[in-house]
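Here are my notes on this one, jotted down point by point. Have the viewer open while you read, and start wherever you like.

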Amino acid sequence: MSGLQTRTYTLAGSALTAGTFTSISQLLGAAQSTTNPEGMTKVVRISLSCSPDHTSATDGVSVFKFAGDGVDVQQIFAGPSWSNQAAGPLDGNNGQPVVMESATGLFNIKAGNQIDMSVSCTTAETVDVAVSITYAP
């Protein structure tokens, strides 16, 4: 595939609350923007990373939402999970990214419009988050 464009968005040290979505809007290495690239019509690859701070005995699963006028239909995906114990992490997924890819597209987007990206979790936790999105024409 030619003409692909990948962007990475981050959220650092965010205290997530179970069931409440927190916005992800910081474009890594650039001004803040979640506007879809011009000429792009679909997302062909997503990498979802979520790493907890491992300071409490909590297990959890991250949940990512892609909504707003930048997507044809709202999308919600489960992300990385983790397992902790008071004496230290059990590792579980240990924040390894969840990667989804499809040459025909995971979902359609509207070029020039904004995707409202956000993250939540099943158990309250402080996390660092990164989302890499590959767009295609």
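1. Let's start inside, with serine 62, which sits in strand β5. Keep in mind that this is a predicted model. Is serine 62 buried or exposed? Its relative accessible area is 0%, so serine 62 is buried. The side chain still finds a polar partner: it reaches the backbone oxygen of proline 80 at 2.8 Å. Setting aside neighbours within four places in sequence, serine 62 has contacts that include Cys50, Phe77, Ala78, Gly79, Pro80 and Trp82. Val119, Ser120 and Cys121 are also on that list.

2. Proline 80, the partner just mentioned, belongs to strand β6. Its relative accessibility is 0%, so proline 80 counts as buried too. If you want a distance to check in the viewer, take proline 80 and valine 99: they are 19 residues apart in sequence, and their C-alpha atoms are 9.7 Å apart.

3. Serine 120 is the other serine I would click on. It is part of strand β11, which covers residues 116-121. With 2% relative accessibility against a cut-off of 20%, serine 120 counts as buried. What does the side chain of serine 120 reach at 3.2 Å? That would be the backbone nitrogen of glycine 19. A polar atom of the serine 120 side chain also lies 3.1 Å from the backbone oxygen of threonine 20. So the side chain of serine 120 has polar contacts with the backbone of glycine 19 and of threonine 20, as the N and O pairs are within 3.5 Å.

4. The contact list of serine 120 fits with that. Beyond its neighbours within four places in sequence, serine 120 is in contact with Leu16, Thr17, Ala18, Gly19, Thr20 and Phe21, among others. The list also includes Val61, Ser62 and Val63. Serine 62 from point 1 therefore turns up here again, and serine 120 is in its list as well.

5. Now the rings. The structure holds 3 aromatic pairs. One of them joins phenylalanine 66 and phenylalanine 107: the ring centres are 5.8 Å apart and the planes meet at 40 degrees, so the pair is tilted. Phenylalanine 66 is in strand β5 (residues 60-67) and phenylalanine 107 in strand β10 (residues 107-108), so this pair ties together parts that are 41 residues apart in sequence. Phenylalanine 66 counts as buried because its relative accessibility is 1%. Phenylalanine 107 counts as buried as well, at 6%. Ring pairs link Phe66, Phe77 and Phe107 into a cluster.

6. One charge-over-ring case is worth a look. Lysine 65 lies over the face of phenylalanine 21, at 4.5 Å from the ring centre.

7. Next, the nonpolar core. How many residues does the largest one have? It has 27, and those with the most contacts inside it are Ile24, Phe64, Phe66, Val129 and Val131. The elements giving two or more residues to this core are β1 (5-16), β4 (42-52), β5, β6 (75-82), β11 and β12 (125-136). Among these, β12 gives the most, with 5 residues.

8. Strand β1 offers a nice pair to set side by side. Leucine 11 is in β1, and so is glycine 13. Leucine 11 counts as buried because its relative accessibility is 16%, whereas glycine 13 is exposed, with a relative accessible area of 52%. Leaving out residues up to four places away in sequence, leucine 11 touches Thr22, Ser23, Ile24, Val119, Val127, Asp128 and Val129. For glycine 13, the contacts beyond four places are Thr126, Val127 and Asp128. C-alpha to C-alpha, leucine 11 is 5.9 Å from isoleucine 24, at 13 residues apart in sequence. Glycine 13 and aspartate 53 are 40 residues apart in sequence and 8.2 Å apart in space, again by C-alpha.

9. Finally, the overall numbers. The protein has 0 helices and 12 strands. Of its 137 residues, 39% are buried. Take the contacts between residues at least 6 apart in sequence: 77% of them join residues at least 24 apart. The exposed area is about 6400 Å², with carbon and sulfur atoms supplying 49% of it.

How values were computed. Residues numbered from 1 in each chain as written. Predicted model: local features only at pLDDT ≥ 70, side-chain atom pairs only at ≥ 80, totals over all residues. Heavy atoms only, no water. Helix = DSSP H or I, 4+ residues; strand = E, 2+ residues; numbered from the N terminus. Buried < 20%, exposed > 50% of the residue type's maximum accessible area, 1.4 Å probe, protein only. Contact = heavy atoms within 4.5 Å. Areas by Shrake-Rupley, 256 points an atom, 1.4 Å probe, with all protein chains shown as cover. Polar contact = N/O pair within 3.5 Å; in protein donor to acceptor, adjacent residues only side chain to side chain. Phe/Tyr/Trp six-rings, centres within 6.5 Å; stacked < 30°, edge-to-face > 60°. Lys NZ or Arg CZ within 6 Å of the ring centre and 35° of its normal. Core = buried A, V, L, I, M, F, W, Y, C linked by side-chain atoms within 4.5 Å.
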